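Subject: Structure handover and notes

Dear colleague,

I am passing on the structure we spoke about, and my notes on it follow below. Please read them alongside the coordinates.

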Amino acid sequence: MKKVMTTITAVALTFSMMTAASANTGVIDEKLGVPIVVYGANLTAEQKETVKNALEITSSSAVEEITVSGQDLVKYIKDGNPNARMFSSAKITQRNEGEGLVIDIVTPSNITQITSEVYASAMLTAGIKNALVEVAAPNPVTGHSALVGIYKAYEVSTGEKLDIERTDVANDELSIATQITENAGIDDAVVAELLTSIKQQIAELNPATREDVEQIVSEQLSKFQIELSEADRQLLTDLMDRISNLNIDFDQWSQQLSDLSKDIEEKFGTFISENEGFWESVKTFFKNLMDTVSGWFNS
């Protein structure tokens, strides 16, 4: 479920698109290397061209192109289906240390379940950092398979090997975030902030037992005033318990999560506060319209 309004999406992506444009100048960064473009293996030739256009890949673009298939899904996700059909595609451009993650869904109408904030949260869980990631699909898809392509592209671009335990947990994080959004009727951005806040508490408090993790989850649900079913609460607790046992540098992770949390707050909080006058004018317009219509019938 995607409740984020088109206007918010447009505002939020402006900076990301400007950053993406700077990466398409054709100048090769000899320090960080060229961007990696990864295409879903099940794209038709026509669909691939659509994705190329969305990602602004031309014949003169300085990029490396690879493909992601169901076999890659098995590599990064336990119990993955090697016959899975892959359509989501992505371009990943390395950024300097400390510059963080920028996620740009360049075909927002075709990525139906996963928002940039949820992608960013899952990527930090998987161990991806300091990258501009652009996601695209030629037709409506949930967006889950894009994460596998991002894993593969990240490994190719950095030469690093991601921890499969972390990539598997990150995949579960995407699924659970989607489930909570749909079942509880909560906005995607709020779910992303909830997950980020819980993980930040885990990084800072280093819980020793599952009960400690459960306490953190309960406190954060209360903080965000979110009511979950018992089943969803258990899924969330199980996920966070797995995260707490990952091989992560939690000191560094805490700062990354803090930066992500601030990005989410600024992205949506700023828009709402700056446009209070606009929303008031909308409400006033409809109130006046109803008063006018009511006057017709009462005259």
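A salt bridge is taken here as a side-chain nitrogen of Lys or Arg lying within 4 Å of a carboxyl oxygen of Asp or Glu. Please keep in mind throughout that this is a predicted model. On that footing, arginine 242 and aspartate 168 form such a bridge, their closest N and O atoms being 3.1 Å apart. The pair ties together distant parts of the chain, since arginine 242 belongs to helix 9 (residues 230-244) and aspartate 168 to helix 6 (residues 164-184), with the two positions 74 residues apart. Arginine 242 is partly exposed, at a relative accessible area of 27%, whereas aspartate 168 is buried, at 6%. Through shared partners, salt bridges join Lys78, Glu165, Asp168, Asp172 and Arg242 into one network.

The search of the whole structure gives 12 salt bridges, and two others may be of use to you. Glutamate 155 bridges to lysine 161 with the closest N and O atoms 4.0 Å apart; glutamate 155 counts as buried at 9% relative accessibility, while lysine 161 is exposed at 67%. Glutamate 99 and arginine 95 meet through their side chains at 3.9 Å, N to O, and in this pair the glutamate is partly exposed, with a relative accessible area of 40%, and the arginine is buried, with 17%.

As for the overall picture, the protein contains 11 helices and five strands, and buried residues account for 47% of its 299 residues. Of the contacts between residues at least 6 apart in sequence, 81% join residues at least 24 apart.

Which residues have the most contacts inside the largest nonpolar core? They are Tyr119, Met123, Leu147, Ile150, Leu236 and Met240, in a core of 69 residues. Domain 1 (36-158) and domain 2 (186-294) each supply at least three residues to this core. In soluble globular proteins, nonpolar side chains tend to be buried together. Leucine 147 shows some of the local detail: setting aside residues up to four places away in sequence, leucine 147 touches Tyr119, Ala122, Met123, Ala170, Asn171 and Leu174.

Threonine 167, in helix 6, is also worth a look. Its relative accessible area is 0%, so threonine 167 is buried, and apart from neighbours within four places in sequence it is in contact with Tyr76, Ala126, Tyr151 and Leu162.

Turning to the strands, I would begin with strand 5 (residues 131-136), where six of the six residues are buried. In a regular strand the side chains alternate between the two faces of the sheet. Both faces of strand 5 are covered, with Ala131, Val133 and Val135 buried on one side and Leu132, Glu134 and Ala136 buried on the other. Strand 3 (residues 89-94) pairs with strand 5 in the antiparallel sense over six bridges, and serine 89 has alanine 136 as its bridge partner there. Strand 4 (residues 101-105) runs parallel to strand 5 and is joined to it by five bridges, with valine 102 standing opposite leucine 132. Between these two strands the chain passes through helix 4 (residues 116-126), and the resulting β-α-β crossover is left-handed. You may wish to view that crossover yourself.

Two residues other than glycine have positive phi values, and I list them for your backbone checks:

- Glutamate 56 has a phi of about 60°; it is found in the loop between helix 2 and strand 2 (64-68) and counts as partly exposed at 45% relative accessibility.
- Asparagine 130 has a phi near 55°; it is placed in the loop between helix 4 and strand 5 and is buried, with a relative accessible area of 7%.

Finally, how far apart in space are glutamate 49 and proline 138? The distance is 8.8 Å from C-alpha to C-alpha, although the two residues are 89 apart in sequence. Glutamate 49 sits in helix 2 (residues 45-54) and is partly exposed, at a relative accessible area of 42%.

With best regards

Notes:
Residues are numbered from 1 along each chain as its sequence is written. This is a predicted model: local features need pLDDT of at least 70, side-chain atom pairs count only at pLDDT 80 or more; totals for chains, interfaces and linings use all residues. Side-chain values use heavy atoms; hydrogens and water are left out. A nonpolar core is a set of buried Ala, Val, Leu, Ile, Met, Phe, Trp, Tyr and Cys residues joined through side-chain atoms within 4.5 Å. Buried means under 20% relative accessible area, exposed over 50%, partly exposed in between (1.4 Å probe, protein chains only). Domain bounds come from an automatic or database domain assignment. Contact means heavy atoms within 4.5 Å. Helices (H or I, at least four residues) and strands (E, at least two) are DSSP runs, numbered from the N terminus. Two strands pair if DSSP finds at least two bridges between them. A crossover is right-handed if, with the strands pointing away from the viewer, the path from the first strand over the helix to the second runs clockwise.
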